[in-house]
Amino acid sequence: MNAHRTDGCSVDLLGEQITTLLADPATTHGLARTLRAAAKEIELSRYHRASQKAFPSGLVAAAPKKVQVGGGAHRLDGFFNIDAVPPADLLWDVREGIPLQDDSVDVLFSEHFLEHIDYPVSAKQYAREAQRVLAPGGRLITGVPDAAFVLGQYPAGPEQAEEMISRWYGKRDCRKDINTYLDLINYVFRDQDDDPTYNPHYWAYDFEKLSQLFTEAGFSAVEPWDFDPDLANPKRQWASVYVVATK
Ligand SMILES: C[S@@+](CC[C@H](N)C(=O)[O-])C[C@H]1O[C@@H](n2cnc3c(N)ncnc32)[C@H](O)[C@@H]1O
C-alpha cells in the first residue's frame, strides 16, 4: 500500500512514532489516551484507503439489495456486510459516506453501531447517505442502546443495575469502575474505554432522537421495529431501541 502523504507528512510514519511514544514510560496518561485513539484511527484509515484504491470511482462494483453496516462478528448471510475493520465484505469507514449507488438498496441494517460515530457530523452524514442509497420504499433498520431505558430507572441502587452490568459489561474489565447507577448512565452516553479493541460511545439515542435524525435526513416515516432474531443479534434485544425508517 502506498504511504498516505500530505505535504511531507506520512500517516504511516505517524503510526510508527505513536507506537514508539506509547512504549515510552515517560509518555503521560493523557497523551497516551489520545495517541491510542489516533493509532486506532490510523488503522481504520489504512483499511479505508486500501478499499478506496480498489474502487477509485468511489462506488463499489456490487449493487447489493441488503446491506449491514457495523455488524462486526455478527455477519449476516445474504447481506453485504460493511465494517471499518475485518471481518466484512467491504472494509469502509462510513463516516466517509456509503460507497453504493443512489436508490439501489432495499434494506440497510445496523445495530449498536450508530452510537459509535460522532454526532452531529458523522451521524447526520450517515443518515443522509442511508437515505441516498436506499431505493424508494427502502427500509433503514437501526438499533442502539436505549438511553430512555437507562435513564428511566434513575435513581437506582447498584444492585438494580446488576442485570445491565452483566449483560452489557460482563465481558469487559470495567466492572470495578461501575460503582453507582450514574456510572452506568455514563457508559451508555460516553463510554470512554480506550481499549484498542473497543469503540467508544459518542452519543446516546432514544426513539425520539432516532426519529428526529432520520426525519431530518428525508425519511418519510420512522416507526418502532419489531425485533426479529433472524436478522438482529439476539443479545442486543434487551434494553435496546430499534426503529425502521422508510424512504
Ligand atoms: C459495538 S460493535 C457492534 C457489532 C454488532 N453490530 C453487534 O451488535 O454485535 C460496533 C461495530 O461498528 C463498527 N464501526 C464503528 N465505526 C465504524 C465506522 N466509522 N464505519 C464502519 N463501521 C464502524 C465497528 O468496527 C464494530 O464492528
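**Packing of helices α3 and α7 and the nonpolar cores**

In the predicted model, Ala-123, Lys-124 and Ala-127 of helix α3 meet Leu-213, Phe-214 and Glu-216 of helix α7. Sorted by class, this contact of α3 with α7 comprises 4 nonpolar and 2 charged residues, with no polar residue taking part. The two helices, α3 spanning residues 121–133 and α7 spanning residues 207–216, pack with their axes 8 Å apart and at an angle of about 60°. Helix α3 is therefore oblique to α7, and the crossing of the two helices is right-handed.

Both helices also contribute to the largest nonpolar core, to which α3, α7 and the strands β3 (66–69), β4 (80–83), β6 (105–111), β7 (134–145) and β9 (240–246) each supply at least two residues. The greatest contribution to this core comes from α3, which gives 5 residues. The core has 34 residues in total, and those that touch the most other members are Ile-82, Leu-100, Leu-108, Leu-114, Tyr-126, Leu-140 and Phe-214. In soluble globular proteins, nonpolar side chains tend to be buried together.

The surroundings of Leu-114 illustrate how residues distant in sequence are brought together in this region. When neighbours within four places in sequence are left aside, Leu-114 is in contact with Ala-123, Tyr-126, Thr-142 and Val-144, and also with Tyr-205, Leu-210, Leu-213 and Phe-214. Among these partners, Ala-123 of α3 and both Leu-213 and Phe-214 of α7 also belong to the residues through which the two helices meet. Apart from the largest core, a second, separate core of 15 residues is found, and its members include Ala-161, Trp-168, Cys-174 and Ile-185.

Two further residues, one in a strand and one in a helix, were examined individually. Asn-81 lies in strand β4, and it counts as buried because its relative accessibility is 3%, which falls under the 20% cut-off. With neighbours within four places in sequence again left aside, the contacts of Asn-81 are with Gln-68, Arg-75, Leu-76, Ala-88, Asp-89 and Leu-90. Gln-212, by contrast, is placed in helix α7 and has a relative accessibility of 32%, so that Gln-212 counts as partly exposed. Between Gln-212 and Ser-45 there is a separation of 167 residues in sequence, and the C-alpha to C-alpha distance of this pair in space is 30 Å.

Note on methods
Residues are numbered from 1 along each chain as its sequence is written. This is a predicted model: local features need pLDDT of at least 70, side-chain atom pairs count only at pLDDT 80 or more; totals for chains, interfaces and linings use all residues. Side-chain values use heavy atoms; hydrogens and water are left out. Axes are lines fitted to C-alpha atoms, for helices over the stretch in contact, and angles run from 0 to 180 degrees between N-to-C directions. Helices (H or I, at least four residues) and strands (E, at least two) are DSSP runs, numbered from the N terminus. Angles under 35 degrees count as roughly parallel, over 145 as roughly antiparallel, 65 to 115 as roughly perpendicular and the rest as oblique. A crossing is left-handed if the near helix is turned anticlockwise from the far one by less than a right angle, and right-handed if clockwise. Contact means heavy atoms within 4.5 Å. Ala, Val, Leu, Ile, Met, Phe, Trp, Tyr, Cys and Pro count as nonpolar, Asp, Glu, Lys and Arg as charged, and the others, Gly among them, as polar. A nonpolar core is a set of buried Ala, Val, Leu, Ile, Met, Phe, Trp, Tyr and Cys residues joined through side-chain atoms within 4.5 Å. Buried means under 20% relative accessible area, exposed over 50%, partly exposed in between (1.4 Å probe, protein chains only).
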